[in-house]
Amino acid sequence: MFEKLPAIPDHPALERTVLELWEREGTFDQVRERNRGGPTFSFMDGPITANGPAGVHHGIGRTLKDVFQRYKALNGLDQRYQNGFDSQGLHVEVQVEKSLGLNSKRQIEEYGLDEFAHRCREFVAHFAGIMTEQSKRLGMWMDWGNDYFTFSDTNIEYIWRFLKEVHARGWLYKGHRSTQWCPRCGTSLSKHEQAGEENYAELEHPSLYVRFPLHGREGQSLVVWTTTPWTLPANVAAAVKPDAEYGLRGDGDWVAVERYPEEHFEEKVRGEELVGLEYEGPFDHFPAREGVVHRVIPWDEVSMSEGTGIVHIAPGAGTEDFELAQEQDLPVLMPIDESGHMLPGYGELEGLTTEEVELPVIESLRERGLLVEAGSIVHRYPVCWRCRTPLVFRVVDDWFISAAEIRGPMLEGNATVEWTPSQYGKRMDDWLRNMGDWNISRRRYFGLPLPFYPCGCGHLNVIGSRAELEERAVRGLEQLEELHRPWIDAVVIRCEECEAEVERIPEVGDAWLDAGIVHFSTLGWKNPEWIRGGYAMGASKGISGADLPDHAYWEKWFPADWVSENRAQIRLWFYSQCFMAITLDGRQPYRSVLTYENVVDEHGEEMHKSWGNAIDLDEALERMGADVMRWLYCVQNPSQELRFGYGMAEEVKRQLLTFWNSVSFLVTYANIAGFDSRTEGGEPDVLDRWLASRTAQLVRDTTDAYERYWTLDVIRAFERFVDDLSNWYIRRSRRRFWDGEPAALRALWEATTTALRVIAPVMPFLAEHLWRNLVSADESIFLAGWPETGELDEQLLAEVAEVRTVVTLGRQARDAVRLKHRQPLRRLVVQGANLVEGHADEIREELRVKEIEAGEIEATELRVKPNLPVLGPKLGKELGAVRSALEAGDFEQLDEGRFRVGPHELGPDEVLVERRGKEGWSVASQDGITVALDTTLDPELELEGRVLDLIHQVNSLRKQEGFELTDRIVLTLPDTQADVLEHEEWIKRETLAERIETDSVETPRIAKA
């Protein structure tokens, strides 16, 4: 006996029960043991940042990774299942600062770098624990407890090894350049960190038009435009476009003529004629400006789409400005410190932030007659990827890795990768072609300590391992708690060139070095022997038990067969791991990639807690359940943003309820018939054979979709199958189930249990729950393996598909004239359906028609219109004549949906065909098949319609009053309905009525017989 199912599944409760079952039985360990030693599937997990509880936007990546690992496990593939946690860098530091009430680097240093490092470690350990439990609740199977943490000493050592290699190749250098800078975090940021659209915000800034008075030209000034008043005190030049035309207004102001086409100009010159002119700077009275000579310079990139066509140049406050300064030999004034405050030498502005200087600058310009106009502008402006602070530009010394030599090999490596969706491979190519050198240094604290020890003799010492550090250290090893600041800062080494004592630079590394090295650090690249717990060293010790494998293990698992992360990781993790792997091994670290877009709310808006539309993962798990969430993630095309919300979850629940009801139907009738799945059923009929083929088709289609990493097609195939199972097989076989026919029960059981196996990777909880009921209470569905694709009868599948099309069209024809589906009709004519000949009885029953004819339909009026988007470009001016001819019916109908209009032959995609029924007929058509229903009713048909309404009414009463399916009844009808007793036996058979009586009741009544 199967356990009876409730009317509606309680997904969260059901899932908690299954989680307890898996834990009790050690199901995941059983799966791993079963596959151990088999063919491998190598997946490398991109580390999730352990800096807070997960939200639903984290759930999509966790789900997709688990779906395909479960699928591969069902196919017997051995896997590693190692989860990763990103655990150092700005994303951790900023959150720890908030938790401690700190808001600047100075405050961190006052707090103490050692205590700050301890708090960072505790913070990561805490949220790694929370995320682990959340991931388990979502159904994610990983080797929890043996996770890799990127702040481990082992991970750091492997990055040191990489940095020593790039130094040996001559790629490492210290660059002096203008860079994006976060004044709150007090550090430069790299191009790949800041490149995404998500790192821009619509901000309001001042919009100032400012005069620069020209020397030697009394009353004449250049007019420039800026949205950053703090950069004006650092101005050294004004740039004009050499071949553009500039005009002198009547008030003495020079601007580009193109920007002001309606104005009258006293004089016009080419930009090149202004080059070399000198002018008075707006803040030359500040001490920092002493000795600066301002001049007009040429620049071909001057924009004529905004501003005045004359560009204010401040090399210390902008990347392009700095590059121009190198070309034009301009002085570089850097007006702000690392916290965004004006430096000494800038008069009354000293100590003010870049925002605080706005009003004093505007007032000073106005008082001196230099302000032409002051307003405001809302525009896209870069913000810090971590803390969302508006960025500034500073000229600083940073450490870089040159990309010049590796760009080509990285592009060649990317050409070997199978990207899903495919267009993201081109995005990766675009990024690689345009990427700059890698800025790897950050002026922060809890991060990878860059192992650079520059000596006064000019030699750069680069340490490649802890062993090398210990060998070359002259002091500080005794206090080296882990390879982090402040402990690493105290270790002094001896220069390998001159033997002088050398200290490490204070900078830490880009966090994407941490994640990019994991293909080497977690797999034991070039490690001579396996070390138990050897990965979990330093900060990772005690919170992970991860081993450091040997090199043979690395050779077995590298490169990864598959990786998956959000599209933004193209310029981040996918880039960094590619860069590091090509450098160290010369090969691409992954063979295939699945990437996906962002999760937004139901209205398409980004999710933000401050907006009230963010959803915590825990909340969603309890309100909708993990399976429903996983379904939402998997039904989405990964190249499009996923709209996520509770309204959409309810729709998924309704969809899953159809399958649930099909299983419930099986359970109910199998129990009534005493069905035993271990015994053979009877001889299958044609519908059973169709269902077996349909099930084999499901296995084939879902296998193909899983192999392509395309969950959308898995879901679509499953939904189509459930529709066929519920709305065709069960619907067409109800009487066989009422009779307890073994062949029908066996066919439905096999189809249902196979469907569970193919959808189990997507919704593991529901699949496990139903499997334990239908197949085995003692063994998991995930130990059953992947189903074999059975034999497909393609001819039978095509026939039934066409039958279903005819039935669908017949119902559409009924709906068009508002005829109830239960009302019998006299006649149906079918045209264009060549495969339905042997299925006439099925069509008759489904559409409740007495007669079916196949042939030409004359009961229609054919209307043909041009498909304008397709036909317009083809016909051009002749379109009007063709349209008129079609409207007048002046055309010849050809085969295969083609039409001839005059000299033009129109294909089926070039016209829109509409068939309308003549009086007394209703017509519907689709894909070359047309049906026509005779809608005329006579007394006999009307009576049969009333009988069917009565049967439906009585069976609804049975459900409402709690009758069992096998209960026999006595039916009492109103006297006014006595005429339906002409069909008494029919009514008894359909309602399980022992007898039917008439009385003076107002509505039908039932009682147990």
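**Figure 1. Valine 600 and the residues that touch it.** Leaving aside residues up to four places away in sequence, valine 600 touches Glu605, Glu606, Met607, Glu641, Leu642, Arg643 and Phe644; here, contact means heavy atoms within 4.5 Å. Valine 600 sits in strand 28 (residues 599-601). Helices (H or I, at least four residues) and strands (E, at least two) are DSSP runs, numbered from the N terminus. Is valine 600 buried or exposed? Its relative accessibility is 2%, so valine 600 counts as buried. The cut-offs are under 20% relative accessible area for buried and over 50% for exposed, with partly exposed in between (1.4 Å probe, protein chains only). Look for histidine 57 as well: valine 600 and histidine 57 are 543 residues apart in sequence, yet their C-alpha atoms are 7.9 Å apart in space.

A word about the model before the next view. This is a predicted model, in which local features need pLDDT of at least 70 and side-chain atom pairs count only at pLDDT 80 or more, while totals for chains, interfaces and linings use all residues. Residues are numbered from 1 along each chain as its sequence is written, and side-chain values use heavy atoms, with hydrogens and water left out.

**Figure 2. The protein chain as a whole.** Step back for a moment to see where the close-ups belong. The protein chain has 30 helices and 41 strands. Its C-alpha atoms fill a box of roughly 115 × 80 × 55 Å along the principal axes. Of its 1009 residues, 57% count as buried. Take the contacts between residues at least 6 apart in sequence: 76% of them join residues at least 24 apart.

**Figure 3. Strand 10 and its two partners.** Which residues of strand 10 (residues 253-256) are buried on each side? Asp253 and Val255 are buried on one side, and Trp254 and Ala256 on the other, so both faces of the strand are covered. Strand 7 (residues 221-226) runs parallel to strand 10 and is joined to it by two bridges; two strands pair if DSSP finds at least two bridges between them. Opposite tryptophan 254 of strand 10 stands leucine 222. Strand 9 (residues 245-248) runs antiparallel to strand 10, with three bridges between them. Glycine 247 has valine 255 of strand 10 as its bridge partner. In the hairpin of strands 9 and 10, four residues lie between the strands, and glycine 252 takes a positive phi near 95°.

**Figure 4. Helix 7 crossing helix 17.** Helix 7 (residues 153-168) packs against helix 17 (residues 573-584) at an angle of about 65°, and their axes are 10 Å apart. Axes are lines fitted to C-alpha atoms, for helices over the stretch in contact, and angles run from 0 to 180 degrees between N-to-C directions. Helix 7 supplies Ile159, Phe162, Glu165 and Val166 to the contact, and helix 17 supplies Phe579, Met580, Thr583 and Leu584. By class, this contact has six nonpolar residues, one polar and one charged. Ala, Val, Leu, Ile, Met, Phe, Trp, Tyr, Cys and Pro count as nonpolar, Asp, Glu, Lys and Arg as charged, and the others, Gly among them, as polar.

**Figure 5. A four-stranded open sheet.** In what order do the four strands of this open sheet lie? The order is 31-30-38-37, and the pairing is mixed. Strand 31 (849-854) and strand 37 (921-926) are at the edges with a single partner strand each, so one side of each has no neighbour in the sheet. On average, neighbouring strands are turned by 20° against each other, direction ignored. Strand 30 (residues 825-831) and strand 38 (residues 929-934) pair in the antiparallel sense over five bridges. Valine 830 has valine 931 of strand 38 as its bridge partner.

**Figure 6. Helix 26 lying across the sheet strands.** Helix 26 (residues 840-847) lies across strand 30 and strand 31, at about 135° to strand 31. Its buried residues are Glu842, Ile843, Glu846 and Leu847. Seen down the axis of helix 26, these buried residues fall within an arc of 110°, so they line one face of the helix; the arc is that of the directions from the helix axis to the C-beta atoms. Among the elements covering them are helix 22 (711-738), helix 25 (794-816), strand 30 and strand 31. After helix 26 comes arginine 848, with a positive phi near 50°.
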